[in-house]
Amino acid sequence: MRHIFVHCLPPLVPPYFCPLAQNLRALHRVATMQLLRDVLQGLDEPTLAYLATAVDEMHDADDEALAELFGPFCDELGVAACEKQRLFEGLAVVKESPPRLAVHAVSSVILPSCALRDLLGDPPSDTDASGDGTHAVAEVAGARRASGKRAARCTAGAMGGVDQGSEPAGPAELEDDEDQPWLSGSFGVVEDQMQLPSWAKRLFAGAWREELRAWPRRWSSCQVALLAASLSPKAAKVAAMIESNSIDGCMCLASGLDMLVEKLSGLRRADLDASKVVCRRLVEWMHAFDVDCSMYSDLLSHPNELTMLRSFSGTLVEPLLRRVLRPAHPRYVVVEPREAKVKPVDAELQQLWGSDLDGSEDIRVAVVLRDGLVQTSLIYVRQSTWWLVASVDFAHHGEAAPGHWHINRTPSGDRVEHWGPRGAVFHGTCWNCPLWWLVIPAGLEYASRPLRLDLLPTDAFGEADAH
């Protein structure tokens with residue numbers, strides 16, 4: 001289980017209960033914060049504030065709903081059963097009259113990141129400097145909020161050394177030293193291309209110009225429901241409500257949270273409280289997605305992605321990364337190797353392709369089958385030979401969702417199974433790589449289909465393919 005380091009922060013509320021305050025709801029919030037700080041010792045202040053907000057919106061919640069909200073935190077922090085009961089009883093008292101609760105010092109702890117993200121989305125502070133790109137929807141939403149700022153500026157250069165084994169010579173031909181806006185890209189037609197699914201044909205026919213534009217207002221009610229269902233294992237009732245009321249993207253953004261909550265009728269209290277949380281997250285993320293971006297590097301703004309950009313800045317691999325984050329029409333090939341790991345597959349392809357550099361193509365995607373399903377796609381760039389740059393995994397790996405990607409080079413150019421800083425493994429998401437990375441030939445099936453492909457706007461890409 002991954003962890004994030006939660007820093008010590010100054011209190012957000014005064015160290016005493018102020019009887020002169022006029023806003024009763026604010027008093028309840030102060031008292032709730034003090035109670036949470038008392039029982040959940042070690043949680044940072046932004047997380048406590050986030051939980052207090054959730055409690056405030058669940059002011060009529062019963063013990064079952066509170067247990068669902070706080071159970072994971074209590075378990076991860078080792079809170080005793082008697083303390084958990086004191087928490088629930090204290091929250092019941094707070095709802096009636098805010099008590100005078102002592103403030104305890106806040107200490108730094110190692111907090112499991114999955115608990116907060118699974119329940120309420122990403123924590124409000126960027127402390128996960130070694131994360132792996134989990135909960136892709138939340139992360140790309142945050143990236144889109146900051147899309148006006150460049151994640152990193154790229155500079156040309158080279159660093160020494162490549163693999164001392166049989167690795168081919170390093171890339172020396174890409175001299176481009178600047179990122180380019182997505183819409184300034186172009187590519188030619190690939191002759192004798194494999195048959196591709198209909199959405200991919202539309203992609204290469206011109207729909208690629210749409211992939212960095214805002215999508216939410218173009219989503220159907222089925223797509224909005226699908227996004228809602230992905231936010232929580234308890235979102236089924238919200239998804240069903242959205243479909244039954246034909247709430248498409250435009251309606252959801254225009255009417256907002258109040259309209260969604262109003263449609264939630266006939267639910268028992270615990271289900272209603274959980275559904276309200278899902279609705280709030282859905283509206284927040286749709287607003288975050290409702291932003292145009294100019295290039296994929298704008299979306300690489302999560303702390304682990306910024307670490308990756310800094311690690312490769314000025315290296316011989318950096319121009320290759322920039323190249324594969326631009327528009328392209330690669331040649332797709334299908335392989336079914338003896339061993340499905342990256343290194344042996346790459347070795348087989350290097351032997352098969354050799355110095356096959358004829359023709360105008362400069363990018364290839366090797367689609368790797370295992371047990372008849374597409375497990376991985378390998379992204380190659382043509383240099384003095386074909387160079388493996390990145391790979392896409394179409395399966396869940398821990399918290400990484402299908403369609404996550406890896407870099408298969410170190411900054412010095414050595415080929416590796418999965419690169420990562422300081423011993424960690426870097427994961428991109430299906431939301432911050434070009435759509436051509438996710439294409440597989442027609443007739444094949446993903447081991448697990450990336451969510452992004454089911455949220456393609458149908459006015460540009462047509463109806464989703466069955467596989």
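1. Helices and strands are here DSSP runs, numbered from the N terminus, with at least four residues for a helix and at least two for a strand. On that basis Pro-337 is placed in the loop between strand S3 (331-335) and helix H14 (342-353). The structure under review is a predicted model.

2. As to overall composition, the protein has 16 helices and seven strands. Its chain comprises 467 residues, of which 54% count as buried. Among contacts with a separation of 6 or more, 71% are accounted for by residues 24 or more positions apart.

3. The surroundings of Pro-337 merit a closer description. Because buried means under 20% relative accessible area, Pro-337 counts as buried at 14% relative accessibility. Once residues up to four places away in sequence are set aside, Pro-337 touches Val-345, Glu-348, Val-368 and Leu-369. Between the C-alpha atoms of Pro-337 and Arg-370 the distance is 8.0 Å, although 33 residues separate the pair in sequence.

4. Asp-371 follows in the loop between strand S4 (363-370) and strand S5 (373-382). Its phi is near 55 degrees, a positive value in a residue other than glycine. With a relative accessibility of 73%, Asp-371 counts as exposed.

5. Asp-192 should be read alongside the preceding point. This residue is not a glycine, yet its phi is positive, at about 55 degrees. Asp-192 lies in the loop between helix H6 (136-145) and helix H7 (198-205), and is exposed, with a relative accessible area of 74%.

6. Next comes the packing of H8 and H11. The axes of these two helices are 10 Å apart, and the packing angle is about 120 degrees. H8 is therefore oblique to H11. The crossing of the pair is right-handed. From H8, the residues Val-224, Leu-227, Ala-228 and Leu-231 meet Val-278, Arg-281, Leu-282, Trp-285 and Met-286 of H11. By class, the residues of this contact are eight nonpolar, no polar and one charged.

7. H9 also packs on H11, which spans residues 269-289. The axes of H9 and H11 come within 8 Å and cross at roughly 65 degrees. This angle makes H9 roughly perpendicular to H11. H9 passes H11 in a right-handed crossing. On the H9 side the contact is made by Lys-237, Val-238, Met-241 and Ile-242, and on the H11 side by Asp-271, Ser-275, Val-278, Cys-279 and Leu-282. These residues divide into six nonpolar, one polar and two charged. Val-278 and Leu-282 of H11 appear in this contact and also in the contact of H11 with H8.

8. Where does Ser-232 sit with respect to helices H8 and H9? Ser-232 is found in the loop between helix H8 (221-231) and helix H9 (236-244). It is buried, having a relative accessible area of 14%. A polar atom of the Ser-232 side chain lies 3.0 Å from the backbone nitrogen of Lys-234. Apart from neighbours within four places in sequence, Ser-232 is in contact with Val-278 and Arg-281. Val-278 and Arg-281 are also among the H11 residues that meet H8.

9. Within helix H8 itself, Gln-223 deserves mention. Is Gln-223 buried or exposed? At 7% relative accessibility, Gln-223 counts as buried. The Gln-223 side chain reaches the backbone nitrogen of Ser-220 at 3.0 Å. Beyond its neighbours within four places in sequence, Gln-223 is in contact with Arg-218, Asp-454, Leu-455, Leu-456 and Thr-458.

10. The final point concerns Leu-267, in the loop between helix H10 (249-263) and H11. Leu-267 has a relative accessible area of 25% and is partly exposed. The C-alpha atoms of Leu-267 and Lys-237 are 8.9 Å apart in space, with the two positions 30 residues apart in sequence numbering. Not counting residues up to four places away in sequence, Leu-267 touches Lys-237, Leu-272 and Ser-275. Of these, Lys-237 and Ser-275 also take part in the contact of H9 with H11.

Technical notes: Residues numbered from 1 in each chain as written. Predicted model: local features only at pLDDT ≥ 70, side-chain atom pairs only at ≥ 80, totals over all residues. Heavy atoms only, no water. Buried < 20%, exposed > 50% of the residue type's maximum accessible area, 1.4 Å probe, protein only. Polar contact = N/O pair within 3.5 Å; in protein donor to acceptor, adjacent residues only side chain to side chain. Contact = heavy atoms within 4.5 Å. Axes fitted to C-alpha atoms, helices over the stretch in contact; angles between N-to-C directions. Parallel < 35°, antiparallel > 145°, perpendicular 65-115°, else oblique. Left-handed = near helix turned anticlockwise from the far one by under 90°. Nonpolar A, V, L, I, M, F, W, Y, C, P; charged D, E, K, R; others polar.
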